[in-house]
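Here are my notes on the model, point by point. Please read them with the structure open.

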Amino acid sequence: MVKKSNDYPCIQVSNLRKEYGVKKTALDGISFNVDYGKVFGFLGPNGAGKSTTIKILTTLLNPSSGNVIIFGKNITNQASEIRKKIGVVSQQPSSENNLTVERALDLYGLLWGIKGNRRYDKVSEIIDAFDLQEIRKTKNDELSIGQRRRVQVAREFMHDMELLFLDEPTVGLDPSARRMLLDYIKKQVKSGLTVFFTTHIMEEAEYLCDELAIINRGRIIAFDTPDGLKHKYSDDNIIDLKVKDITAESILPRINKIAYGSKIEINGINGFKIKSFNSQQILTKIMEEFSKNNIKIESITIESASLEEVFLNMVNSK
Ligand SMILES: Nc1ncnc2c1ncn2[C@@H]1O[C@H](COP(=O)(O)OP(=O)(O)O)[C@@H](O)[C@H]1O
Ligand SMILES: [Mg+2]
């Protein structure tokens, strides 16, 4: 995995459409690029079109129209060249039920043409990295769903690749296994791997991704860094203000004037919750106005919107 300094992106998707049958539009003309060495997150609710996109990008499914270029190669006529350099963890579980974890990893390495000692070393490395020691001799059909998923993701790292697709890889994992997986991916990205990752869990997207596309009903409705999305789309910064020696009611007109256009709620006898997109400015004005008029503040904080709120707002409003 060598970091590329190409002047073209790793993935270029333009105007991609997919119809299942005549009526069912799964992808309604999506476009995006993913640069080398980045984690790109595809965040969307069930049925948004995430798996369809992954299937097309990994050459498992033909698009109805549009263009996909990966490593500078076209998926329609250079699929086999692309496949050699990608890894895929699909949403469907794998089913080597009779094999032990260790054997399944070994076999997967063999399928990818990894030879003798190197394969043996790699199996040990992966078993350690994914905390599989305890189940290395356990057969696949005796594993829990979360363990199976962990093995399915782990085995993909048996071979070298430049680009890895992960379709909701953390579903069924417990929090520590989830964190371990995300951290392992981060480490691989540091050494040059490019990752395309789908999830419906915002914290994950926020933790892992350099860039995010929010997809809903086959359309990309937002595209940015996790922080950028929060700033651009959240009008949900909430100022939590408590005053001293005075009732909220009595200074409501003042607050109304300072925070004109914001959503203002009285919160208890001496508190306000002010929902605003320019909360920083409002905060400054409150401090100025209050000190001028000798109104004492007991406490004041700003809660910023979570990516989850941003996401839910967007998905529900489009
Ligand atoms: N093989 C299929 N035949 C018909 N419709 C499908 C098929 N696969 C997916 N769909 C539909 O396409 C849409 C997108 O599905 P999918 O890509 O699986 O979404 P996601 O992975 O985001 O949950 C959904 O409405 C789904 O029902
Ligand atoms: Mg899916």
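1. **Status and layout.** This is a predicted model. The domain assignment splits the protein into domain 1, residues 11–231, and domain 2, residues 234–317. Taken over C-alpha atoms, the centres of the two domains are 42 Å apart.

2. **Domain contact.** How many residues of each domain are in contact? Domain 1 brings 15 residues, and domain 2 brings nine. Between them the domains bury about 1000 Å². Carbon and sulfur atoms account for 73% of that area. On the side of domain 1, Met202, Ile214 and Lys230 lose the most area to domain 2. Together these three residues make up 48% of what that side buries.

3. **Polar links across the interface.** Please look for charged pairs here. The rule finds zero salt bridges between domain 1 and domain 2. The count of residue pairs in polar contact between the domains is also zero, with both residues required to be at pLDDT 80 or more.

4. **What domain 1 presents.** Four elements each supply at least two residues to the side of domain 1 that touches domain 2. Two are helices, α7 (202–208) and α8 (226–233). The others are strands, β9 (211–216) and β10 (219–224). Helix α8 gives the largest share, four residues. By class, this side of domain 1 has nine nonpolar residues, three polar and three charged.

5. **Ligand surroundings.** Which residues surround ligand 1? A run of them is Pro45, Asn46, Gly47, Ala48, Gly49, Lys50, Ser51 and Thr52. Tyr20, Lys24 and Ala26 complete the set.

6. **Ligand polar contacts.** Three distances are worth checking on screen. A polar backbone atom of Ala48 is 3.1 Å from an oxygen atom of ligand 1. For Lys50, a backbone N or O atom lies 2.8 Å from a ligand 1 oxygen. Thr52 uses its side chain: an N or O atom there is 2.5 Å from an oxygen atom of ligand 1.

7. **Salt bridges elsewhere.** The whole structure holds 18 salt bridges. One of them pairs Arg118 with Asp160. Their closest N and O atoms are 3.6 Å apart. This pair links distant parts of the chain, 42 residues apart. Arg118 sits in helix α4 (residues 116–129). Asp160 sits in the loop between α5 (145–156) and β7 (163–167). Side chains of opposite charge can pair when their charged atoms come close.

Terms used:
Residues are numbered from 1 along each chain as its sequence is written. Chains are lettered from A and ligands numbered from 1 in the order in which they are written. This is a predicted model: local features need pLDDT of at least 70, side-chain atom pairs count only at pLDDT 80 or more; totals for chains, interfaces and linings use all residues. Side-chain values use heavy atoms; hydrogens and water are left out. Domain bounds come from an automatic or database domain assignment. Contact means heavy atoms within 4.5 Å. Buried area is the accessible area (1.4 Å probe) that two parts lose on being put together, summed over both. A salt bridge is a side-chain nitrogen of Lys or Arg within 4 Å of a carboxyl oxygen of Asp or Glu. A polar contact is a pair of N or O atoms within 3.5 Å; within protein, one must be able to donate a hydrogen and the other to accept it, and residues adjacent in sequence count only if both atoms are side-chain atoms. Ala, Val, Leu, Ile, Met, Phe, Trp, Tyr, Cys and Pro count as nonpolar, Asp, Glu, Lys and Arg as charged, and the others, Gly among them, as polar. A residue is near a molecule or strand if one of its heavy atoms lies within 4 Å of it.
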